[in-house]
Amino acid sequence: MPNYSTQAINLKSYNLGEADKIIIMYSRDYGTIKCVAKGVKRAKSSLGGRMQAFMANRLFLAKGRNLDIVCQAENIESFSRLKTDYDKLSYAFYCAELINVFGTENDQNSKQIYDILFETFKNISIFDNNEDCMWAVLRFKLKLAKYLGYAVELDSCVRCNQAEPKYKTYHFFCPETGGVVCSECFLKSHRPFEIDKRHIKLFKDAINYDFPFEDDYKDKNLLFSSFNILKEFISQRSDKKLKSAAMIEFI
Ligand SMILES: [Zn+2]
């Protein structure tokens, strides 16, 4: 039974018998992995708290017939403040759910997906205000979409590919087609959102910077509407209804 090693973040777990758990993780080298943590529910488990949700570990695993087995885990980061605050936890659940829904085994871009998940959990954990946390999640969604091959189109109309001639900027974003639409194509778009150049700047800044500029969210409505546009964009790319999306309605 060959062993292997990787870094992974715990996303979800299920009980298996009296003492074991099946843990779904996202790993840097192999994308989504499902493995068994033996004896983890016993008080004296050698894996201890490292198998709890949202822990990042360096793992040593043994290849099993169906599920791999966690032999050893060294904690890299516990994102400890994620669990001290309901809002932070809701954002973390939402990001974890997106990875559960969209992540697959051996994702081509597993390194980038793991790194943006790690960065997002770290930033949500350390940021002190809700707007900064929303920024982190906004950035996460834009980057995740890109790594999954659904990059948001912000520079030319996503339907006709033309640059907007009349107004030099776009006034609509279509979540279904995944980008800005010109004033002609707007009429053919399904439920487009009204935007202006501030939304486009905010999306571009969120792709490029892990921390917001002050003027990016001085207007909270701008941040909220950008967040909701991307929430709609992401949910339209999933067949499943995202449970945790409802949780963050109330933050
Ligand atoms: Zn167009």
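Two strands count as paired if DSSP finds at least two bridges between them. Keep that in mind for Phe 173, whose bridge partner in β8 is Phe 193. What you have here is a predicted model, and the protein splits into domain 1 (3–77) and domain 2 (81–250). Below is a quick tour of the barrel, the helices, the little sheet and the place where the domains meet.

**The small open sheet**
- Phe 173 and Phe 193 face each other as bridge partners, and two bridges in total join strand β6 (residues 172–174) to β8.
- β6 and β8 run antiparallel.
- The sheet they belong to is open, has three strands, and reads β7-β6-β8 with antiparallel pairing.
- Why do β7 (179–181) and β8 (193–194) each have one side without a neighbour in the sheet? Both stand at the edges and have a single partner strand each, so nothing in the sheet sits on the other side.

**The barrel**
- Five strands close up into a barrel, and going round you meet β1-β2-β3-β5-β4, with mixed pairing.
- On average, neighbouring strands in this sheet are turned by 50° against each other, if you ignore direction.
- One parallel pair is β3 with strand β5 (residues 68–77), joined by two bridges.
- Val 36 stands opposite Ile 69 of β5.
- Asn 15 is found in strand β1, and it counts as exposed because it has 11 C-beta neighbours inside 10 Å, where the cut-off is 12 or fewer.
- Asn 15 and Ala 37 sit 22 residues apart in sequence, with 9.8 Å between their C-alpha atoms.

**Helices on the strands**
- Helix α1 (residues 86–102) lies across β1 and β2, and runs at about 105° to β1.
- α2 packs on the sheet too, touching β1, β2, β3, β4 (56–62) and β5.
- The direction of α2 makes about 105° with that of β2.

**Helix against helix**
- Helix α2 (residues 110–126) packs on helix α3 (residues 130–147) at an angle of about 175°, and their axes are 9 Å apart.
- That angle makes α2 roughly antiparallel to α3.
- Among the residues making this contact are Ile 113, Ile 116 and Ile 124 from α2, plus Val 137, Phe 140 and Leu 144 from α3.
- Sorted by class, the α2–α3 contact has nine nonpolar residues, three polar and one charged.
- α1 also goes with α3: the axes come within 10 Å and cross at roughly 5°, which makes α1 roughly parallel to α3.
- The α1 side of that contact includes Tyr 91, Tyr 94, Cys 95 and Leu 98, and the α3 side includes Asn 130 and Cys 133.
- By class, the α1–α3 contact comes out as nine nonpolar, one polar and two charged residues.

**Where the domains meet**
- The C-alpha centres of domain 1 and domain 2 lie 30 Å apart.
- How many residues does each domain put into the contact? Domain 1 puts in 15 residues and domain 2 puts in 18.
- On the domain 1 side, β1 (3–16), β2 (20–27) and β3 (31–37) each supply at least two residues.
- β1 gives the most to that side, with four residues.
- The side of domain 1 that touches domain 2 is made up of seven nonpolar, four polar and four charged residues.

Key. Residues are numbered from 1 along each chain as its sequence is written. This is a predicted model: local features need pLDDT of at least 70, side-chain atom pairs count only at pLDDT 80 or more; totals for chains, interfaces and linings use all residues. Domain bounds come from an automatic or database domain assignment. Two residues are in contact if their C-beta atoms, placed from the backbone, lie within 7 Å. Ala, Val, Leu, Ile, Met, Phe, Trp, Tyr, Cys and Pro count as nonpolar, Asp, Glu, Lys and Arg as charged, and the others, Gly among them, as polar. A residue is buried if 20 or more other C-beta atoms lie within 10 Å of its own, exposed if 12 or fewer, and partly exposed in between; C-beta atoms are placed from the backbone. Axes are lines fitted to C-alpha atoms, for helices over the stretch in contact, and angles run from 0 to 180 degrees between N-to-C directions. Angles under 35 degrees count as roughly parallel, over 145 as roughly antiparallel, 65 to 115 as roughly perpendicular and the rest as oblique.
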